[in-house]
Amino acid sequence: MRKSTAYLAYLTLGLAVLFGFAVHASFSREKAAAGLERSAALVRQYRLTDLSLFTEARYTRNPAMADLNTAFQDYPFSFEHFPSGSLVPVPPVVRRK
């Protein structure tokens, strides 16, 4: 078997799986909508805040609720202690200053 034939077979299989994912998502949308409505009702009932993104540091749990100096609690040029801190962008308030 030529390498190009194996590659095309692999590519075809990957596209078929991707198409299968899209078909499955379109069929399961109605079932998921009922679950999302129940979740939204719980959020309204218990007055929950935003989603917690990470569990490590308090400034990465919910960037909308973090104070501006918690990332620099040791000193301003300290290294990042937690891996999730490199995934959270700098808040716009800090960038404007």
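**Entry 1: Val17 and its surroundings**

I began with Val17 and asked whether this residue is buried, exposed or partly exposed. Its relative accessible area is 40%, and because buried requires under 20% and exposed over 50%, I recorded Val17 as partly exposed. The model I am reading is predicted. I then located Val17 in helix H1, which covers residues 3-27.

I next looked up which nonpolar surface patch includes Val17. The patch is made by Tyr7, Leu8, Leu11, Leu13, Leu15, Val17, Leu18 and Phe21, and I noted its area as about 840 Å².

**Entry 2: Confidence**

I checked where in the protein chain confidence is highest and where it is lowest. Helix H1 has the highest value, with a mean pLDDT of 96. The lowest is found in helix H3, residues 58-61, with a mean of 65. For the protein chain I noted an average pLDDT of 79, with 62% of the residues scoring at least 70.

**Entry 3: Helix H2 and its end**

I turned to helix H2, which runs over residues 29-46 and has 18 residues. From its first C-alpha to its last I recorded a reach of 26 Å, close to the 26 Å expected at 1.5 Å a residue. I then looked at what follows H2 and found Arg47, with a positive phi near 55 degrees.

**Entry 4: Charged pairs**

How many salt bridges does a search of the whole structure find? I recorded one. The partners are Arg44 and Glu37, and their closest N and O atoms are 3.4 Å apart. I accepted the pair as a salt bridge because the cut-off for such a nitrogen and oxygen is 4 Å. As general background, side chains of opposite charge can pair when their charged atoms come close.

I also looked up how accessible each partner is. Arg44 is exposed, at a relative accessible area of 54%. Glu37 is partly exposed, at 48%.

**Entry 5: The chain overall**

I listed the secondary structure of the protein chain as four helices and zero strands. Along the sequence I read the pattern as α-α-α-α.

I then asked what share of the 97 residues of the protein chain counts as buried. The figure is 10%. The protein chain exposes about 8,900 Å², and I noted that carbon and sulfur atoms supply 66% of that area.

Last, I looked up contacts between residues at least 6 apart in sequence in the protein chain. Of these, 38% join residues at least 24 apart.

Conventions
Residues are numbered from 1 along each chain as its sequence is written. This is a predicted model: local features need pLDDT of at least 70, side-chain atom pairs count only at pLDDT 80 or more; totals for chains, interfaces and linings use all residues. Side-chain values use heavy atoms; hydrogens and water are left out. Helices (H or I, at least four residues) and strands (E, at least two) are DSSP runs, numbered from the N terminus. Buried means under 20% relative accessible area, exposed over 50%, partly exposed in between (1.4 Å probe, protein chains only). Contact means heavy atoms within 4.5 Å. Accessible areas come from the Shrake-Rupley method with a 1.4 Å probe; for residues, only the protein chains shown count as cover. Patches are made of residues with over 30% relative accessible area and no salt bridge: like charges are joined within 9 Å, nonpolar side chains (Val, Leu, Ile, Met, Phe, Trp, Tyr) within 5 Å. A salt bridge is a side-chain nitrogen of Lys or Arg within 4 Å of a carboxyl oxygen of Asp or Glu. pLDDT is the predictor's confidence in each residue, from 0 to 100. The expected span of a helix is 1.5 Å times one less than its number of residues.
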